[in-house]
Every structure is written in C-alpha cells, then in structure tokens.
Amino acid sequence: MQLSYWERKSFMSDFDTVIIGAGIVGISAALSLIEHDPSMKILIIERGFLPSGASTKNAGFACFGSVSELLDDFDKMGEESTLNLVARRFAGLAALRKRTGDDEIFFRPGGNYEVFKTDEEDFFSHCHDNIHRLNRLVKEITGVDDTYSICDKKIQNFGFSDVSHLILNKCEGRLDTGMMMQKLLTLARTAGIVFYFGAEVRQIEDESTKVTLRLQSEYYVEAKQLIVATNGFARQLLPELEVFPARNQVLVTHPYKNMKLDSCFHYDLGYFYWREIDGRILLGGGRNLFPDTEYTDSLSINPDIQEHLVQMLKTWITPHEFPGIDMQWSGILGIGKVKFPIIKKISENVIVAVRMGGMGVALGTLAGHEAAELMLGISTARTTDVVS
Ligand SMILES: Cc1cc2nc3c(=O)[nH]c(=O)nc-3n(C[C@H](O)[C@H](O)[C@H](O)COP(=O)(O)OP(=O)(O)OC[C@H]3O[C@@H](n4cnc5c(N)ncnc54)[C@H](O)[C@@H]3O)c2cc1C
C-alpha cells in the first residue's frame with residue numbers, strides 16, 4: 001500500500017523528536033522533553049500493539065538493592081559506582097512517584113525482604129556482618145539510619161518453610177505495574193505526545209540534518225532527532241551497543257484463600273522475586289539456572305524454569321496452600337557486564353537510553369530524563385557505561 005501525500009506530510013514527517021520504544025524510559029524521555037518545551041512535536045514508535053517490553057511485564061518492585069545484591073555489586077563494580085547507581089535508582093523512584101502520584105500507581109511503601117534459606121548460614125552471616133556498614137553508606141541516599149535490619153520474627157507470619165532469616169529494606173516498596181504504565185501513557189497523550197503502536201523500526205538512517213526510520217511495508221518516518229529506548233532489544237537496531245537481552249520467567253497464581261504475604265521478597269541475589277497482588281502471588285526469575293538458553297530476546301516460556309517456580313511455591317514459599325497457576329509469561333531485561341545504564345549521544349541527532357537491568361522501574365524515569373537533557377544539550381556528562 002502506498003501512502004498518500006497527506007499521510008506522508010501530516011503523519012510521517014515534521015517531528016522534532018522520535019522515540020523508539022513505549023516503555024518507561026521512552027515515555028519518561030518524551031515527558032521530560034515536553035515539560036521543557038510544550039511546543040515540541042514528539043512521536044513514540046512501538047512495535048507491539050501494547051507497550052511490549054519489560055515495562056509491562058515486570059514485578060512492580062520499587063526497589064534499589066538488597067544487602068546481598070549490593071555486596072555482590074561492591075565486589076564487581078566497586079563501592080563508589082555501586083552507591084552512585086543506588087542513588088540514581090532512589091532518585092528515579094522519587095521522580096516517578098512525583099510525576100504520577102502514589103495513588104495513581106498503587107505505590108505501597110513499607111519495605112521489601114531478602115530471604116535466606118536454612119542451608120545459607122554462611123551467606124547470611126556475610127550479609128549480617130555488613131549490615132551496619134551498608135546502613136552507614138546508604139544513609140547518605142535514603143536519609144534514614146537503619147535502611148536494612150534483620151526481621152526473622154516475621155518468618156512465621158509469612159508461612160515460609162525452610163527459611164531461617166529475613167533482612168528488611170524498609171525504604172523499598174511496591175507498585176502496580178499496569179497502573180504505572182497506564183498513567184504514563186495518559187500523561188503523555190494529554191501532553192500531546194503521539195504514539196504509533198504496531199510499528200516496528202527496521203532500520204535507522206542517521207543523516208546530518210534528519211533521522212529517517214524505516215518501518216515495515218516500506219513506510220518511513222522522518223524527524224530531527226531520535227532517542228532509542230529499546231532496552232534489551234537494542235542490538236537489533238544498534239548491534240555495536242554493549243547491551244544483552246536476558247529473559248525472565250514469571251507466573252501468577254490463582255487467588256489464595258489464606259494469603260499470608262503482604263510484601264515483596266527477593267531471594268538468591270535477586271534472581272528470584274515474589275510478591276502479593278490482588279490476593280495472588282506473582283513469582284519470577286530463575287534465569288541463572290539456565291544460562292545457555294535465557295540470554296535471548298525471544299519472549300517464550302521456558303517450561304523447566306516455570307516448573308522450578310511452581311516447586312518453590314509448593315515446597316517452601318506457600319507450603320500451606322497451592323491454588324494453582326493462572327498465568328505465565330516472560331519478559332526481557334537489558335543487561336551488560338556492569339549494571340550501569342547506557343545513556344549517551346551516539347551522533348549529533350541520536351541518543352540511546354538502554355540497559356536498565358533488573359531495576360528499570362526505579363531507574364527508568366531518571367534515565368528518560370537524562371536522555372532528554374542530553375538531547376536538549378542541557379547535560380553532556382551522562383555517558384554512564386564505564387565504571388571502575
Ligand atoms: C520479568 C521482569 C521483572 C522485572 N521486575 C522488575 C521490578 O520488580 N522492579 C524493577 O525496578 N524492574 C524490574 N524489571 C526491569 C524493568 O522492568 C526494566 O528495566 C524496565 O521496564 C526497562 O524499561 P525500558 O523502557 O528501558 O524498556 P522496555 O520496557 O523493554 O521497552 C522497550 C520497548 O521498545 C520496543 N521496541 C523494541 N524494538 C523495537 C523496534 N525495533 N521498533 C519499535 N519498538 C521497539 C519494545 O516492544 C518495548 O515496548 C523487570 C523486568 C522483567 C523482564
């Protein structure tokens with residue numbers, strides 16, 4: 001089908017900025033741009049008929065790091081870089097809540113727990129021995145004295161079996177992922193940001209005065225500038241980027257008759273996570289069990305991991321009751337050798353904001369804002385893909 005003169009002139013060109021990806025980062029970047037200049041013409045192109053990346057498939061943890069994750073990151077990235085990243089997640093979460101309002105995203109504070117099983121005493125001791133130090137370090141970020149504390153007395157209330165310790169992070173919380181994305185979409189539409197859903201960018205042509213995006217059926221869109229916010233799918237368009245897809249399996253149970261959980265839980269360095277939602281449990285993770293198959297951007301189900309998640313529920317997370325599984329899905333993270341996002345200018349007209357890792361709900365609003373500032377020339381110092 002050929003486009004008409006009118007379609008080409010009014011729908012496919014004359015944009016100030018085009019953003020690829022209607023996830024939290026893409027929409028946040030668009031909102032930051034339009035807040036700076038309400039007259040900007042901004043288009044977000046999304047290949048799904050819904051936003052179809054991690055932003056609508058995640059667990060809704062409003063988190064910035066458990067004790068074991070931060071200690072692991074200290075070893076891999078150094079203390080300063082880790083704390084910098086934690087501060088950015090914390091600031092991103094605050095910016096998201098300010099933009100949307102807590103009620104609109106069903107934000108629930110009160111803390112999330114890290115879980116240690118009975119055969120992990122050495123691992124727990126290592127975390128335990130570092131709580132005081134971590135509390136001192138993150139106080140600069142959270143503003144409270146004891147962000148982390150041992151909370152073993154709650155184990156019985158939650159009904160876990162085979163669990164010997166819990167560490168509470170009282171500055172974390174949870175939200176409703178669907179409500180968050182609906183609110184961001186509403187804010188964007190109200191501000192005049194245009195969305196094309198079901199449009200896949202196949203190629204980027206970066207010329208000196210404009211950027212042309214080739215879509216399916218030989219359609220193309222032209223704009224002055226481009227932000228690529230495709231996270232785990234980024235290498236499909238820009239293979240030179242150091243961002244790799246990592247698939248996460250998720251399930252949601254049927255409702256429990258006797259729900260004992262009212263919070264979020266991390267286990268095994270954050271590779272597993274679960275929470276209560278609408279009287280059900282959402283449980284996800286386990287990509288570390290199958291490293292050969294899970295570094296993929298294919299959104300399919302891995303039955304072995306799903307079965308592992310079911311066994312976790314039956315044997316020790318909710319051994320008192322198993323209402324059965326209602327839904328299963330997978331989502332794609334964008335990860336790298338380090339956990340820092342890539343937010344940088346790759347040419348005069350093109351910015352990338354990708355690699356949000358497993359905490360893009362927290363980081364995404366800030367990442368989008370930083371991409372917008374780079375585009376506007378307000379900030380030039382946000383190339384964050386290098387750490388010590
Ligand atoms: C299962 C799971 C659980 C998670 N749980 C949490 C959590 O509890 N807390 C937390 O903080 N983080 C969590 N995360 C991570 C978080 O969801 C992500 O870091 C964040 O959503 C990334 O947002 P984004 O906008 O960068 O990318 P995405 O949401 O992935 O958006 C990228 C978009 O680009 C689109 N796209 C890609 N290529 C093209 C193309 N060529 N043309 C057009 N469109 C394209 C995709 O369809 C997609 O909608 C989780 C992730 C997963 C997968």
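This is a short tour of the structure above, stop by stop, for use with your viewer.

**Stop 1: the whole chain**

Start with everything shown as a cartoon, and keep in mind that this is a predicted model. The protein chain holds ten helices and 18 strands. Its radius of gyration is 21 Å, close to the 21 Å that the globule rule gives for 388 residues, so the chain is as compact as a globular protein of that length. Turn the C-alpha trace along its principal axes and you will find that it spans about 70 × 45 × 40 Å. Of the 388 residues, 44% are buried. Now think about contacts between residues with a separation of 6 or more: 74% of them join residues 24 or more positions apart.

**Stop 2: helix α4**

Next, select residues 79-100, which form helix α4. At 1.5 Å a residue, its 22 residues should span 32 Å, and the end C-alpha atoms are indeed 32 Å apart. Colour the buried residues of α4, among them Leu83, Val86, Phe90, Leu93 and Leu96. What covers them? Show β3 (61-62), α3 (67-77), α5 (121-142), α7 (177-190) and α10 (360-376), which are included in that cover. Then step just past the helix to Gly101, where phi is positive, near 85°.

**Stop 3: Cys63**

Move to Cys63, in the loop between β3 and α3. Is Cys63 buried or exposed? With 25 other C-beta atoms within 10 Å, Cys63 is buried. Add Asn112, Glu172, Met359 and Ala362: these are the contacts of Cys63 once its neighbours within four places in sequence are left aside. Try a distance label between Cys63 and Ala362, which are 299 residues apart in sequence but 6.4 Å apart in space, C-alpha to C-alpha.

**Stop 4: around the ligand**

Finally, centre the view on the ligand. There are 44 residues around it, and Gly21, Gly23, Gly53, Gly331 and Gly360 come nearest. Elements that give two or more residues to this shell are α2 (24-36), β2 (42-46), α8 (234-237), β12 (244-253), β16 (325-335) and α10. Which element gives the most? That is α10, with four residues, and α10 is also part of the cover over the buried residues of α4.

Colour the shell by class to see 21 nonpolar, 19 polar and four charged residues. To end, colour by domain: domain 1 (5-57 + 178-243 + 338-376) and domain 2 (109-172 + 244-335) each supply at least three residues to the shell around the ligand.

Key: Residues numbered from 1 in each chain as written. Predicted model: local features only at pLDDT ≥ 70, side-chain atom pairs only at ≥ 80, totals over all residues. Rg over C-alpha atoms; globule rule 2.2 N^0.38 Å. Buried ≥ 20, exposed ≤ 12 C-beta atoms within 10 Å, placed from the backbone. Contact = placed C-beta atoms within 7 Å. Expected span 1.5 Å × (residues − 1). Near = placed C-beta within 6 Å. Nonpolar A, V, L, I, M, F, W, Y, C, P; charged D, E, K, R; others polar. Domains from an automatic or database assignment.
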